[in-house]
2 protein chains.
Amino acid sequence: MSLTRTSLLASRTTRSLLSRRIPHHGTFKQLQRRCISLQALDANQNGRERVVVVGSGWAGYSLARDLDHSKYQIVVVSPRSYFVFTPLLASTSVGTLEFRTALEPIRSRRTKVEFFQAWADRVDFHSKTLTIEEAVEDPWQGRSLVSDRHADASPNQRAQEKQLEVKKGELFDVKWDKLIIALGCYNQTFGTQGVKENAFFLKDVGDARRIRNRLLSCFETAALPTTSEAMRKQLLNFAVVGGGPTGIEFSAEMHDLIGEDMKRIYPDLVKYAKITVYDVAPTVLSMFDEKLSKFAMNHFKREGIDIKTSHHVEELRKGSPVAVQQESNISEADDSCYTIKLKEEGEIGIGMCVWSTGLMVNPFVQKALDGKVKRDEKTGGIMTNERLQVKDSEDKGLVPNVYALGDCAVLEGTAYPATAQVASQKANWLAKRFNKGDIERSKFTYKDLGVMAYVGNSNAILQSSGTDISGRVAWFLWRSAYLAKSVSWRNRILIPVYWAVNWLFGRDVSRF
Amino acid sequence: MSLTRTSLLASRTTRSLLSRRIPHHGTFKQLQRRCISLQALDANQNGRERVVVVGSGWAGYSLARDLDHSKYQIVVVSPRSYFVFTPLLASTSVGTLEFRTALEPIRSRRTKVEFFQAWADRVDFHSKTLTIEEAVEDPWQGRSLVSDRHADASPNQRAQEKQLEVKKGELFDVKWDKLIIALGCYNQTFGTQGVKENAFFLKDVGDARRIRNRLLSCFETAALPTTSEAMRKQLLNFAVVGGGPTGIEFSAEMHDLIGEDMKRIYPDLVKYAKITVYDVAPTVLSMFDEKLSKFAMNHFKREGIDIKTSHHVEELRKGSPVAVQQESNISEADDSCYTIKLKEEGEIGIGMCVWSTGLMVNPFVQKALDGKVKRDEKTGGIMTNERLQVKDSEDKGLVPNVYALGDCAVLEGTAYPATAQVASQKANWLAKRFNKGDIERSKFTYKDLGVMAYVGNSNAILQSSGTDISGRVAWFLWRSAYLAKSVSWRNRILIPVYWAVNWLFGRDVSRF
């Protein structure tokens with residue numbers, strides 16, 4: 001049986017001591033009941049090894065899908081009920097595609113995985129036990145994270161929370177034969193003041209929905225007669241921080257939305273619209289050849305998108321800049337817009353700041369694995385060998401049967417980027433090894449298949465094994481590649497339908 | 001110029017007296033700025049009469065679409081940025097269709113209406129002025145309403161709010177030549193304790209999204225090992241209150257979801273699932289012939305959906321029934337499920353209660369129009385003559401140039417039902433009269449085109465001009481009729497694509 005009876009009984013006792021709301025009788029009866037599902041998990045195992053996969057991104061989801069179900073019982077643990085096809089997220093955030101076309105549910109008629117919608121909380125390598133915390137009603141569902149969800153709780157509070165085991169976030173244990181850690185990273189805000197609270201991120205589908213709603217409500221607010229000219233300018237001034245592919249593709253998609261749809265829907269307002277991309281680095285799209293990144297920058301220039309490199313964001317807050325407040329008689333209390341403060345330019349009033357720069361180590365890696373595994377000094381990621389096996393904290397050997405991949409892992413001695421491509425290649429490789437049982441005979445190597453980015457107005461850039469392509473042809477290849485890469489036939493049908501429908505009739509601007 | 005300068009100046013003055021946050025200089029400058037958009041509205045009028053349409057449902061949206069733009073300047077005022085095609089809402093609430101296929105944005109490339117996303121707040125029939133309150137950032141966006149959004153504010157507070165004119169909910173005035181009141185009704189809870197707070201309604205797209213998420217999270221919570229057998233039974237026990245077409249169609253769609261998808265995705269859980277429809281009346285679907293309503297009831301019986309007529313809901317609250325708490329050792333504090341209390345059966349633990357019974361008079365009609373127009377004694381609706389012209393409060397004549405239609409209006413001497421069919425027929429008739437300028441020469445009469453309802457498992461019932469059809473053929477006609485009725489070509493393409501995709505691959509169960 002997978003549940004550690006003693007620990008559960010212990011915490012139950014603590015619970016009745018701490019809370020008078022719990023009836024005192026029947027504790028053991030309840031305990032029996034609460035084990036049923038894990039017993040069912042054990043009963044379902046049928047002699048197969050159990051692989052517990054933590055995370056449902058490019059690494060975890062791909063691995064779970066590729067593993068042979070006749071050989072392994074696969075248990076996915078993730079706070080999200082779906083996998084996000086991240087390359088299409090920017091398209092969904094402006095309505096070029098509908099949100100669900102970028103999603104694959106972990107549970108579906110076809111997949112044969114067991115799934116617990118839960119957070120990984122603690123891990124015990126000796127007893128091969130993962131303690132997980134249910135997350136079905138998690139209020140942050142669908143949003144990417146910037147800080148530990150327990151960040152505001154003191155360590156004492158947190159310990160008490162764990163013992164209390166309240167229904168929201170109840171803990172339970174799952175045993176593994178093999179553990180796969182693939183829970184990704186959080187958004188990095190570099191401690192910049194106000195970013196955590198006020199920026200819009202773009203890593204999960206809930207983020208995309210927030211952006212779509214905000215973008216449209218900026219236009220709708222600007223259309224009100226109660227909105228002053230000065231406020232209008234601020235509301236329709238959009239800042240994107242981060243000149244990587246995500247930031248660039250989002251800017252391009254937003255520019256398409258404004259140029260193709262907003263222009264016709266709000267003809268009087270489109271003159272106020274402005275997009276600026278900020279980056280601390282001296283160039284954007286640094287993973288591309290200079291020729292291609294120049295193409296992108298020139299294309300942006302022609303379309304009127306400003307790229308400001310070597311710029312540093314110091315603060316992001318609600319409300320207008322002080323100077324604008326005074327000049328245009330805007331109330332200090334009016335928080336319709338945001339103010340971004342740049343080291344180089346001072347305060348600027350904006351309608352929205354989309355923040356897509358940098359990754360932060362996952363709090364689970366930071367806290368639950370600290371002192372148990374070797375971690376990369378620079379990124380804080382979990383260090384693995386070339387078989388993706390996790391190294392122990394003293395770097396003397398390996399943690400047996402524990403693997404790490406995706407953005408939370410670093411393959412020792414390499415500098416592979418934290419991309420979907422690396423994550424899914426690792427997942428495919430590991431699944432193949434598990435299925436064949438030949439992991440000792442080979443090593444993972446990354447094969448760079450190239451990079452692509454959409455730059456707007458049906459143009460893209462593409463670089464693969466020495467070939468550089470830019471323009472419409474690259475855009476056609478961009479669309480074809482992602483359509484082909486889409487996981488399900490469902491989405492392979494829906495995506496081109498939405499492309500066609502939105503091209504014919506325009507994007508939907510209903511907001512809810 | 002449309003803005004009443006004096007009133008605005010007056011309230012501005014009050015504002016600076018009340019709030020020290022507002023800088024004292026530049027009030028007039030700001031005033032000028034704030035008028036720009038209304039000046040633009042005036043400039044755009046080009047000698048046309050201005051028709052202000054309050055509401056964007058079946059009545060308001062249809063009218064605005066049908067009016068001749070060369071003759072009238074049409075201004076739509078609604079807190080929603082879209083029209084909801086209500087017959088498909090039940091399908092979207094379980095994922096048979098995607099939410100946006102039941103929506104039409106008020107603004108689109110094609111429509112030529114002016115739009116303010118705002119609430120109607122006050123009306124002055126003498127000066128022909130409507131005071132409206134902006135609602136772009138309304139937190140209840142997409143949800144249907146059960147009580148006045150200012151219900152918790154005292155009249156004094158409310159008066160102060162109006163004077164303060166805070167940015168969130170700023171007021172402004174629009175003048176009309178013709179005013180159309182078509183702002184519909186709220187949900188009626190008959191004062192039943194806890195319904196307002198705990199029930200799930202189904203009148204708007206946000207409601208549909210809440211239901212879809214809740215339905216799926218009930219299954220996901222039930223799948224957790226920490227969930228007891230007793231809780232599982234409660235979570236998957238669904239109550240629908242109201243045996244009208246909406247309640248019946250929703251039950252049927254939910255039954256399809258469970259029988260077609262949940263059965264495969266949660267094979268161990270489907271045995272717990274149960275749907276019960278409650279109604280105070282002795283029969284359901286009373287608008288249908290006895291033969292058809294019997295067909296529906298027998299069909300439901302075969303499918304295992306209970307219909308309990310002559311049942312009275314007394315309370316709806318969070319948590320399990322007391323008896324279940326004691327018997328199964330469930331904590332009083334555990335609010336994973338709800339308890340519905342029936343006069344006839346006592347307390348029952350349920351996962352969700354969908355409430356679709358009865359309409360409540362709109363607070364705008366109740367408050368802003370009280371004493372200004374004649375109102376129906378029974379429903380509280382606005383009384384109109386057979387030309388949809390609003391009667392004055394003393395029943396001596398008409399309020400000039402003011403019309404009312406949709407669920408908020410009652411045509412004197414008739415008992416037309418509060419349906420989409422009546423609303424859209426009135427809208428079409430009124431638009432035609434306005435376009436031809438011949439309203440004095442004709443009268444509106446309602447032509448009952450019949451009723452349809454989907455009853456699940458590809459069966460429907462249909463009754464039209466003496467013909468009764470039930471079963472698959474009726475279902476085919478049901479789908480064809482609503483597809484044909486869909487407003488935009490966009491949705492006419494997307495709807496059959498979703499029907500096909502979901503039939504082939506199953507409904508999407510991603511939750512965000």
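In this predicted model, the side chains of E98(B) and R100(A) meet across the chain boundary in a salt bridge, with N and O 3.3 Å apart. That pair is a handy way into the contact between the two chains, where the rule picks out eight salt bridges. Polar contacts there come to 29 residue pairs. On the chain A side, the biggest contribution comes from helix α16 (residues 489–505), which puts 11 residues into the surface touching chain B. As for make-up, that side of chain A splits into 32 nonpolar, 22 polar and 33 charged residues.

How much area does the contact bury? Between chain A and chain B the figure is about 8200 Å², with carbon and sulfur atoms giving 52% of it. R100(A), already met as the partner of E98(B), turns up again here: along with R109(A) and F512(A), R100(A) loses the most area to chain B, and the three together account for 13% of what the chain A side buries. Each chain brings 87 residues to the contact. Of the interface residues of chain A, 99% are interface residues in chain B as well, so the copies meet through the same surface.

The symmetry fits in with this picture. Chain A can be laid on chain B by a turn of 180° and a shift of 0.0 Å along the axis, leaving an RMSD of 0.0 Å; this is the relation of a two-fold axis. The residue of chain A that comes closest to the axis is V497(A), whose C-alpha sits at 4.1 Å. Just ahead of helix α16, S488(A) lies in the loop that follows α15 (472–485) and leads into α16 of chain A. The side chain of S488(A) reaches the backbone nitrogen of N491(A) at 3.2 Å. With a relative accessibility of 15%, S488(A) counts as buried, since the cut-off is 20%.

Over all chains, the salt-bridge count comes to 53. One of them joins R387(A) and E440(A), at 4.0 Å from N to O. R387(A) sits in the loop between β18 (382–384) and β19 (389–391), and E440(A) in the loop between α14 (420–436) and β22 (451–456), so the pair ties together parts of chain A that are 53 residues apart in sequence. The two ends have contrasting surroundings: R387(A) is buried at 15% relative accessibility, whereas E440(A) is exposed at 54%.

In chain B, R80(B) and D138(B) pair up at 3.7 Å, N to O. The bridge links the loop between β2 and β3 with the loop between β6 (129–134) and α6 (155–164), 58 residues apart. Here both ends are tucked away, R80(B) being buried at 9% and D138(B) at 13%. D395(B) and K374(B) come to 2.8 Å at their closest N and O atoms, and this bridge spans 21 residues of sequence. D395(B) is partly exposed at 39%, while K374(B) is buried at 17%. Salt bridges with shared partners also knit E98(A), R212(A), D508(A) and R100(B) into one network.

Finally, there is helix α4 of chain B (residues 58–66), mostly covered, with seven of its nine residues buried. Among the buried ones are W58(B), Y61(B) and L63(B). What do the buried residues of α4(B) pack against? Their neighbours in chain B are the strands β1 (49–54), β2 (72–78), β3 (82–84), β4 (103–105) and β8 (178–181), plus helix α14 (420–436).

How values were computed. Residues are numbered from 1 along each chain as its sequence is written. Chains are lettered from A and ligands numbered from 1 in the order in which they are written. This is a predicted model: local features need pLDDT of at least 70, side-chain atom pairs count only at pLDDT 80 or more; totals for chains, interfaces and linings use all residues. Side-chain values use heavy atoms; hydrogens and water are left out. Copies are superposed by least squares on the C-alpha atoms of residues with pLDDT of at least 70 in both. Contact means heavy atoms within 4.5 Å. Buried area is the accessible area (1.4 Å probe) that two parts lose on being put together, summed over both. A polar contact is a pair of N or O atoms within 3.5 Å; within protein, one must be able to donate a hydrogen and the other to accept it, and residues adjacent in sequence count only if both atoms are side-chain atoms. Helices (H or I, at least four residues) and strands (E, at least two) are DSSP runs, numbered from the N terminus. Ala, Val, Leu, Ile, Met, Phe, Trp, Tyr, Cys and Pro count as nonpolar, Asp, Glu, Lys and Arg as charged, and the others, Gly among them, as polar. Buried means under 20% relative accessible area, exposed over 50%, partly exposed in between (1.4 Å probe, protein chains only).
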